[in-house]
Amino acid sequence: MPKVVDNKQIGPMVWKMLVNVPRLVSKAKAGQFVILRINEHGERVPMSIAGLDKEKGLLTIIYQVVGKTSALMTTVQAGENISDCVGPLGIPSHVEKWGTACVVGGGIGIAPIYPIAQAYKDAGNKVITIIGARSKDLLLYEEEHKAVADELFICTDDGSYGHHGFVTDPLKKLLDDGVPIGMIMTVGPVPMMKFLSSMTRKYNVPTWVSLNPLMIDGTGMCGGCRVQVGDETKFACVDGPDFDGHLVDFDLLTSRLGAYREQEHKAMKHFLGDPGCRLAESVKKFKYPEEQAGTK
Amino acid sequence: MSDAKKKKKKPEGPNKLKIKERMKLPRQDMPAQNPSDRVKNFNEVPYGLNDEQAFQEALRCLECPNQPCVDGCPVEVDIPGFIRLILEKDVAGAARKIKETNSLPAICGRVCPQEEQCEIVCVIGKKGKPVAIGYLERYVADYEREHKLVQLPKIAPPTGRKVAIVGSGPAGLTVAGDLIKLGHAVTIFEALHKPGGVLVYGIPEFRLPKSIVQAECDFMADMGVEFQNSTVIGKMDTIDELFEMGYDAIFIGTGAGLPRFMGIEGENLIGIYSANEYLTRSNLMRAFDPDEYDTPIIRGKNVAVLGGGNTAMDSVRTGLRLGAENAHIVYRRSEIEMPARIEEVHHAKEEGVQFHLLTNPIKFIGDDQNRVKAMECLKMELGEPDDSGRRRPVPIKGSNYIIKTDLVVVAIGNASNPLIPQTTPGLDCNKWGNIIVNDETMQTSRKGVYAGGDIVTGGATVILAAGAGKKAARAMHKYLMEEVKR
């Protein structure tokens, strides 16, 4: 069973887990993902790779508490084992020398875009990095990106840090200025990827998105992760996770991600109310967005 | 086999009944949960024969000299031999007799289509009903396990050869069982977190309890087979890397494993599952028990399952157990063409499944949340026979109608999984992506690489996969001993 060597909170509802899986790490490439199962009764959850320490054999996973399984993840103590960590899965991100490449990370997606930026850089590209979050305290991996990016743009929705606005703002300016960007790669919330892809379409710049739909096995067997890409149905696990953002049906993806919302909310409520759940106080305060807005 | 082939006028074994007397004995019925109870639980449907019933059933065997039943069995189980041991009250010995050629009797006794294999050729069946060979197989295997009489077979001294098996379904387990007994070191690589393949993720608890699969895998482990779960070959290691790691021969038994969809409008709506996904959620992830397990599943009120095979029957019966008020099978041909076992169709009908035959969906209709709410179907009629020899269904113009459904399970078969063919240079596949093998040896186009089961044949049965494993093991042993030097 894979051992968790570190698991700590790095932002509001955001955690960083390091898992000791040397063989997996030795094989994994930027853009791939893993599937975790925390305990014997747990779900299988796909997680993007946010870092690979090949020397120490450590895999970095950045996750946000969004429901029971991610809340359960926060309870794993350093030194404890989780049931499974299988991977690397999916096709690594396509890397070539375009000249200038742009990576865009939003929210939790700032983390997995980092190994991709590194791979682009290693291939000899000039890397322009744009990262954005709702507010400063949710902005991750700034130092890491600084170390790799030739140019770094930081955006926050509330203006608490960097540019006050969305990640598409600096990108649009770069495109309007005629910066010869050969590839745009983006990881982030679905609305961001959708908005960004629709914005770049008229500039005719290749724009790829890394998708993280629900899945079970991750090997093509279940078909739960299917996404509509142009006229075709693709399986994110074996055909992706990266797809041409100009062809992805993001609205369908959003619906499919919410397929189990009711059951998930019920499970989370139950879990938060369980006195034995050993959650940190900060996580116990978890609320769904609609609860925060006071609509429910 | 040879002693039974001698012509005998009078029975000399434990069965003292004359042939005529045997022919008068009725076939024993397997007691089962009644349909109205069992649709509310996931417990196994048939209870199995008791000792007396098994003895009575065993008395019906005519002990035919030419043993057509043995020829009917893809793994050549000595059927009259094990039945004779039941009559000698050596039930555990009977189980061991089966295990000489079939590593998985408790499983095959439950899921083999005996009515098309050993039982269809049973001589007593020409006049009446055949000997219930499947029931007896299950009985002896359960007896041996429940009475803790399972013994490890003799394992040959180590040969120093190492074998990697990719996939722990029926094909892989059979190869593992045969090769470990011959003294080879055997490692099974399994992509999922539990071994068993389709036996664990696909076949439901009510047809094959998972504790039985686990017991068979534990037995393999006790014989010395090493299991590496959560390891995806083709991603973690390629076939060539397995050779570099020191494996001398490799068996690929990865199953079909890439679900087919219909390719019609609305197919990616929420509430449309592949049978693989639906069954995996329920079986492997145990979503039927939400108090204990975290994986969610959609519980439809009006479940429609597309297809007419065993997987379709498993899916529709799972739907009922998950609370469906209406459960439909939608199949484009007629009942005669259904590939499912008669017993499974019978069970489904008993449980209240509604059959829409000669019906083909052409479109799924969703609500404003992208959840499926209905499907549009066309009635079909049978035309000329197609390539499969079955009469081709032809749409009847203007026969469109709507079936209301909030959960659709697509059980129309699988294409082959690409992970290994894509990463193994020189591994020849046919146009459907199935690995091409020599029919006798199961060897692929790559030296030392063998394959069997659904990855070779496309979707088939557990016992055919086991039969392929059997052939492969024989050829692999020969290869290991003659061509691999230590």
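**Entry 1: a buried pair in chain B**

I looked up B:Arg281 and found it buried at 5% relative accessibility; buried means under 20% relative accessible area, exposed over 50%, and partly exposed in between (1.4 Å probe, protein chains only). The model is predicted: local features need pLDDT of at least 70, side-chain atom pairs count only at pLDDT 80 or more, and totals for chains, interfaces and linings use all residues. Residues are numbered from 1 along each chain as its sequence is written, chains are lettered from A and ligands numbered from 1 in the order in which they are written, and side-chain values use heavy atoms, with hydrogens and water left out.

B:Arg281 forms a salt bridge with B:Glu277 at 3.0 Å, N to O. I took a salt bridge as a side-chain nitrogen of Lys or Arg within 4 Å of a carboxyl oxygen of Asp or Glu. B:Glu277 is also buried, at 3%. The two residues are 4 apart in helix 15 (residues 275–282) of chain B, so about one helical turn separates them. Helices (H or I, at least four residues) and strands (E, at least two) are DSSP runs, numbered from the N terminus.

**Entry 2: other salt bridges**

I noted 46 salt bridges over all chains. In chain A, I checked A:Glu143 and A:Lys146, which meet at 3.8 Å, N to O. Both lie in helix 4 (residues 142–148) of chain A, 3 residues apart. A:Glu143 is exposed at 53%, and A:Lys146 is partly exposed at 47%.

Back in chain B, I found B:Arg446 bridged to B:Asp240, with the closest N and O atoms 2.6 Å apart. This pair links distant parts of the chain, 206 residues apart: B:Arg446 is in the loop between helix 18 (419–423) and strand 16, and B:Asp240 is in helix 14 (residues 239–244) of chain B. B:Arg446 is buried at 16%; B:Asp240 is partly exposed at 25%.

**Entry 3: the sheet in chain B**

I traced an open sheet of 5 strands in chain B, order 3-2-1-4-16, with parallel pairing; strands pair if DSSP finds at least two bridges between them. Strand 3 (226–228) and strand 16 (449–451) of chain B are at the edges with a single partner each, so one side of each has no neighbour in the sheet.

Strand 1 (residues 162–166) and strand 4 (residues 249–252) of chain B are joined by 4 bridges. I looked up the bridge partner of B:Ala164 in strand 4 of chain B: B:Ile250.
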